[in-house]
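Thank you for asking me to look through this model before we discuss it. My comments follow as numbered points, moving from the chain as a whole to single elements.

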Amino acid sequence: MSAVTTLEGPQPTSRPGRSVRTTWTYTLGSMVFILVVLDFMLIILALEAFSSRTDGVAGVLLLALFCAVAAQIRYCWFLRAGLNGGLPSTPWTLALVVSSVAVWVLGLFSTSNALMWSLPLWLAACLVACLLPSRQRLAVLGAGLATTLLHPTIYSLLHGHGYTFPEEPGLRMLLSYAALMPVVLISSLWWWRIVVELDRHRLMAGELAVAQERLRFAADLHDIQGHHLQVIALKSELAERLLTVDLDAARGHIHDARLIAKQALEETRSLVSGYRGTVLENELENAREVLSAAGAHCELTIGAIPGNPDVHKALAMAVREATTNILRHSNATLASITLEASTDSCSLTIRNNGVTNDSPVSQSHGNGLAGLRERIAALGGQLETILDAERFELQASVPSKGIAS
């Protein structure tokens with residue numbers, strides 16, 4: 001088969017749904033039904049015309065007509081490629097065209113209405129045109145129409161008398177329906193293409209939703225593991241330094257590291273189950289304790305707590321991410337965390353000094369800030385970072401939609 005045009009852009013990995021395949025069955029069935037009705041009317045009229053004639057030409061003409069009808073019905077299956085879908089293998093197209101041309105030629109030697117024998121070739125041209133590009137489609141339809149109208153002209157020259165439009169109501173109705181066949185086929189395939197496109201977008205929307213949920217899960221996992229692992233590393237380093245100086249203090253840090261590891265494990269399990277919650281007040285207090293343990297003087301100022309759960313969670317994640325970045329990317333000796341909230345908005349400001357060259361702002365280390373910025377933007381807020389010499393500041397502002405009492 002010739003190459004079928006492909007759609008641009010990402011393609012869904014799932015197959016079309018059952019409803020789409022059913023729609024194609026109905027679409028193909030309707031096109032075949034209309035074609036069968038037209039061919040049945042044509043065969044009935046042909047049998048009536050040859051009811052009193054049994055010569056060899058009539059028999060060959062009827063045989064060619066039956067072959068043309070069978071080829072047309074079989075060729076409808078290839079329409080599943082859609083508009084501009086490309087022609088099938090050459091033998092099938094030749095079988096369709098040759099049988100129709102045979103009817104066209106043999107009809108010149110028939111005594112019945114000449115225009116009737118040009119219809120199989122016209123219907124064949126309509127089927128072939130559907131699978132071609134727009135310009136070629138118009139060319140094939142134009143050639144098919146010209147060949148159809150040429151048949152009665154040649155018939156008149158061969159038989160020596162003029163041609164008049166048929167008086168039989170059945171033949172007139174057949175010719176009228178056949179003239180509309182391109183509209184029927186092209187509109188049906190156009191509608192089928194719209195259905196396929198809508199289903200493709202539906203599948204892509206589902207896959208994008210899954211991808212977004214995976215990204216959200218990855219961001220939450222990063223927030224949990226990145227924060228806790230950094231604290232565990234800090235506690236372990238302090239314990240290692242104090243082993244030979246202050247054994248009790250070292251033992252305390254080891255105990256804290258074990259508790260933090262246990263907490264990280266529990267939160268990871270809760271995250272997998274989809275029930276993890278974050279308490280902003282606890283995150284603020286934990287941040288101050290961790291920064292103080294790292295040797296930084298941390299000033300904590302807490303105003304009103306936002307009552308919106310989504311805002312509550314977003315700011316708690318901001319505290320975690322900022323604390324992790326301070327531990328990982330600075331040698332901070334001073335830090336401050338300020339939470340201010342009103343009935344309209346809530347702002348979180350975290351500052352620290354001692355910024356090193358591998359700051360997450362000056363260089364791209366991880367995607368914590370990017371994920372945090374997307375999370376806050378989804379709530380209608382904004383996240384800003386300021387790097388001034390060795391001073392780093394993170395500002396998160398989110399519409400609060402209510403303050404917790």
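1. A residue is called buried here when its relative accessible area is under 20%, and exposed when that area is over 50%. By this criterion, 42% of the 405 residues of the protein chain count as buried. Please keep in mind throughout that this is a predicted model.

2. On the overall make-up, the protein chain contains 11 helices and 5 strands. If one takes the contacts between residues at least 6 apart in sequence, 75% of them join residues at least 24 apart.

3. The largest nonpolar core is made up of 49 residues, and Leu-65, Leu-79, Leu-127, Leu-174 and Leu-185 are those with the most contacts inside it. Two or more residues each are given to this core by helix H1 (18-49), helix H2 (56-75), helix H3 (90-106), helix H4 (119-130), helix H6 (169-179) and H7, and it is H1 that supplies the largest share, with 11 residues. To take one of the residues named above, Leu-174 touches Leu-38, Met-41, Leu-42, Leu-45 and Leu-119, once its neighbours within four places in sequence are left aside. There is also a second, separate core, which has 41 residues and includes Val-311, Met-317, Cys-346 and Val-398.

4. Is His-228 buried or exposed? This residue is found in helix H7, which runs over residues 181-242, and since buried means under 20% relative accessible area, His-228 counts as buried because its relative accessibility is 5%. Apart from neighbours within four places in sequence, His-228 is in contact with Ile-260, Gln-263, Ala-264, Glu-267 and Arg-320.

5. Helix H9 (residues 280-293) can be checked for its length: at 1.5 Å a residue its 14 residues should span 20 Å, and the end C-alpha atoms are indeed 20 Å apart, so the two values agree. The buried residues in H9 include Leu-280, Glu-283, Leu-284, Ala-287, Val-290 and Leu-291. These cover an arc of only 135 degrees around the axis, which means that they lie on the same side of H9. The spacing is worth reading alongside a general point: an α-helix has 3.6 residues a turn, so residues three or four places apart point the same way. After H9 comes Gly-295, which has a positive phi, near 100 degrees.

6. Strand S1 (residues 297-302) and strand S2 (residues 334-341) run parallel and are joined by 6 bridges. Between these two strands the chain passes through helix H10 (residues 309-329), and the resulting β-α-β crossover is left-handed, a feature that I would ask readers to look at in the displayed model. Within the pairing, Cys-298 stands opposite Ala-335 in S2, while Leu-300 stands opposite Ile-337 in S2.

7. How do S2 and strand S3 (residues 345-352) pair, in the parallel or the antiparallel sense? Their pairing is antiparallel and extends over 7 bridges, and the two strands are connected by a hairpin of 3 residues. As one example of this register, Ser-336 has Arg-351 in S3 as its bridge partner.

Terms used. Residues are numbered from 1 along each chain as its sequence is written. This is a predicted model: local features need pLDDT of at least 70, side-chain atom pairs count only at pLDDT 80 or more; totals for chains, interfaces and linings use all residues. Side-chain values use heavy atoms; hydrogens and water are left out. Helices (H or I, at least four residues) and strands (E, at least two) are DSSP runs, numbered from the N terminus. Buried means under 20% relative accessible area, exposed over 50%, partly exposed in between (1.4 Å probe, protein chains only). Contact means heavy atoms within 4.5 Å. A nonpolar core is a set of buried Ala, Val, Leu, Ile, Met, Phe, Trp, Tyr and Cys residues joined through side-chain atoms within 4.5 Å. Two strands pair if DSSP finds at least two bridges between them. A crossover is right-handed if, with the strands pointing away from the viewer, the path from the first strand over the helix to the second runs clockwise. The expected span of a helix is 1.5 Å times one less than its number of residues. The arc is that of the directions from the helix axis to the C-beta atoms.
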